[in-house]
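Open the model in your viewer and keep the selection tool ready. The stops below move from helix packing to the ligand, then out to the loops and a few single residues.

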Amino acid sequence: MIPPRLIFRKGALKILDQRLLPDRVKFISVKDAAATAKATKDMALRGAPLIGCAAAFGFALEIRRLRPSTSAGLRSLARRTASLLKAARPTAVALFYAADRMLNMALGFAAKNPGRFTAAARKELLDLIDREARLVTSEDAAACLAMGKLGADLLPKNCVVMTHCNAGALATMGIGTAVGVITAAHKLGKVKRAYACETRPYLQGARLTIWELMREGVPSELITDNMAAHIIKTCGVNAIVVGADRIAANGDTANKIGTYGLAVIARHHRIPFYVAAPAPTIDLLAYDGGAIVIEERSSEEVTFVKGLRIAPRGVKVRHPAFDVTPASLITALITEKGVISPVTRENIKKNLAK
Ligand code: MRU
């Protein structure tokens with residue numbers, strides 16, 4: 001079993017500190033939106049859907065903490081809180097989706113209850129906000145299950161599958177997206193072996209994904225990122241499944257740095273390249289991948305490994321945390337609403353309309 005990632009109870013949110021995994025299972029407790037945003041920025045929690053779920057809870061914590069007494073107060077608090085949460089990381093659209101959803105719920109309440117709130121209205125507000133945050137979370141868990149089933153059907157019997165970064169339970173409130181597909185296929189007896197790329201520099205694959213696969217009993221092996229092409233060529237890999245942080249309206253997909261390279265290798269070897277992501281990952285406002293903001297992270301994450309310097313002092317470093325895979329390299333997008341293939345604007349629109 002994978003430990004719970006977020007526990008929301010009695011005005012506090014406990015966050016599984018993923019920076020300590022796999023060595024230690026420890027939770028940190030946060031009581032407001034600022035601390036939730038900081039935990040997100042500092043990578044105590046990570047993974048697109050989970051960042052969104054935490055933002056929804058962080059929003060609820062803030063409203064509960066400050067208990068606005070007027071519609072004007074609620075409106076301004078809700079706007080401030082949503083902006084604060086959205087500033088935590090730029091690429092995963094789930095964060096923006098969840099923060100805006102909570103904001104809209106609060107604005108809707110303010111519109112229906114103009115002026116000073118009665119005691120009953122204040123209680124109703126807190127209940128509504130908590131319920132909406134829990135709904136964001138339960139929808140994510142349900143989406144993971146649906147994607148797992150749809151994705152497992154796509155994989156061949158006896159498949160050898162590769163994944164990148166961590167798109168597992170640890171990145172969601174359910175069984176995961178890409179890893180959920182692999183574990184669902186494993187439960188059907190379809191997986192001969194799964195390869196997890198270590199995912200330099202943050203090592204989500206080495207620290208998190210292989211840990212999840214081992215705990216789920218999936219026959220699996222860890223490889224470093226630069227082994228991928230060789231393993232694909234020589235070890236019978238017949239599918240690659242990854243998650244996504246943001247998918248543009250045309251299907252171009254931002255995911256953890258290294259994903260694009262895997263898609264190129266997959267095309268060369270004529271093996272399918274699947275992206276599994278819940279529908280809110282599709283950002284129709286992003287015309288194509290060029291509109292997606294790519295997070296640049298610190299040089300220390302590249303020049304240090306577990307506190308040990310591995311590059312010369314003063315070295316110049318680039319650290320884009322994500323890359324964009326063009327839609328033309330993606331065999332299919334798997335959302336909870338169905339499988340999108342070929343990946344085109346029209347097919348994406350049809351999927352979202354379901
Ligand atoms: O920087 P991270 O660890 O938040 O990046 C995570 C990824 O890139 C995942 O592949 C993506 O969020 C999909 S998670 C279901």
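Helix axes here are lines fitted to C-alpha atoms over the stretch in contact, and the angles run from 0 to 180 degrees between N-to-C directions. Keep in mind that this is a predicted model.

**Stop 1: α4 against α5**

Select residues 93-112, helix α4, and residues 119-154, helix α5. Their axes come within 10 Å and cross at roughly 155 degrees. Angles over 145 degrees count as roughly antiparallel. That makes α4 roughly antiparallel to α5. The crossing of α4 past α5 is right-handed.

Now show side chains. From α4, pick Tyr-97, Ala-98, Arg-101, Met-102, Met-105, Ala-106 and Phe-109. They meet a set on α5 that includes Ala-121, Glu-124, Leu-125, Leu-128, Ile-129 and Glu-132. Further along α5, add Ala-133, Leu-135, Val-136 and Glu-139 to the contact. Colour this contact by class: 13 residues are nonpolar, four are charged and none is polar.

**Stop 2: α2 against α5**

Keep α5 and add α2. How far apart are the axes of α2 and α5? They are 9 Å apart, and the two helices pack at an angle of about 170 degrees. The pair is therefore roughly antiparallel.

On the α2 side, select Pro-49, Cys-53, Ala-56, Phe-57, Phe-59, Ala-60, Ile-63 and Arg-64. On the α5 side, the contact is made by Leu-125, Leu-126, Ile-129, Asp-130, Ala-133, Arg-134, Val-136, Thr-137 and Asp-140. By class, this contact of α2 with α5 holds 12 nonpolar residues, one polar and four charged.

Look again at Leu-125, Ile-129, Ala-133 and Val-136 of α5. They touch α2, and they are also among the α5 residues in the contact with α4.

**Stop 3: α2 against α3**

Hide α5. Select α2 (residues 48-66) and α3 (residues 71-86). Their axes come within 10 Å and cross at roughly 145 degrees. Is the crossing right-handed or left-handed? For α2 and α3 it is right-handed.

Show Ala-55, Gly-58, Phe-59, Glu-62, Ile-63 and Leu-66 in α2. Opposite them in α3 are Leu-74, Leu-77, Ala-78, Thr-81, Ala-82 and Leu-85. The contact of α2 with α3 has nine nonpolar residues, two polar and one charged. Phe-59 and Ile-63 appear in this contact, and both also belong to the contact of α2 with α5.

**Stop 4: the ligand**

Centre on the ligand and bring up its surroundings. There are 17 residues around it. Which come nearest? They are Arg-46, Arg-89, Gln-204, Asn-255 and Lys-256.

Check three distances to ligand oxygen atoms:

- Lys-256: a polar side-chain atom lies 2.8 Å from a ligand oxygen.
- Asp-245: a side-chain N or O atom is 2.8 Å from an oxygen of the ligand.
- Ala-48: here a backbone N or O atom lies 2.9 Å from a ligand oxygen.

**Stop 5: two cis peptide bonds**

Go to Leu-21 and Pro-22. The bond joining them is cis, with omega about 5 degrees. Pro-22 sits in the loop between β2 (12-16) and β3 (27-30).

Next, jump to Arg-200 and Pro-201. Their peptide bond is also cis, and omega is near 0 degrees. Pro-201 is in the loop between β5 (191-197) and α7 (204-215).

Stay in that loop for Leu-203, placed between β5 and α7 as well. Its phi is near 65 degrees, a positive value in a residue other than glycine.

**Stop 6: Asp-32**

Select Asp-32, in the loop between β3 and α1 (33-41). Its side chain reaches the backbone nitrogen of Ala-34 at 3.4 Å. Setting aside residues up to four places away in sequence, Asp-32 touches Gly-58, Leu-61, Glu-62 and Arg-65. For scale, draw a line from Asp-32 to Ala-152: their C-alpha atoms are 39 Å apart.

**Stop 7: Asn-347**

Finish at Asn-347, in helix α11 (residues 345-353). A polar side-chain atom of Asn-347 lies 2.8 Å from the backbone oxygen of Pro-342. Beyond its neighbours within four places in sequence, Asn-347 is in contact with Ile-340, Ser-341 and Pro-342. Last, measure out to His-164: C-alpha to C-alpha, Asn-347 and His-164 are 25 Å apart. Along the sequence, 183 residues separate the two.

Key
Residues are numbered from 1 along each chain as its sequence is written. This is a predicted model: local features need pLDDT of at least 70, side-chain atom pairs count only at pLDDT 80 or more; totals for chains, interfaces and linings use all residues. Side-chain values use heavy atoms; hydrogens and water are left out. Helices (H or I, at least four residues) and strands (E, at least two) are DSSP runs, numbered from the N terminus. Angles under 35 degrees count as roughly parallel, over 145 as roughly antiparallel, 65 to 115 as roughly perpendicular and the rest as oblique. A crossing is left-handed if the near helix is turned anticlockwise from the far one by less than a right angle, and right-handed if clockwise. Contact means heavy atoms within 4.5 Å. Ala, Val, Leu, Ile, Met, Phe, Trp, Tyr, Cys and Pro count as nonpolar, Asp, Glu, Lys and Arg as charged, and the others, Gly among them, as polar. A residue is near a molecule or strand if one of its heavy atoms lies within 4 Å of it. A polar contact is a pair of N or O atoms within 3.5 Å; within protein, one must be able to donate a hydrogen and the other to accept it, and residues adjacent in sequence count only if both atoms are side-chain atoms.
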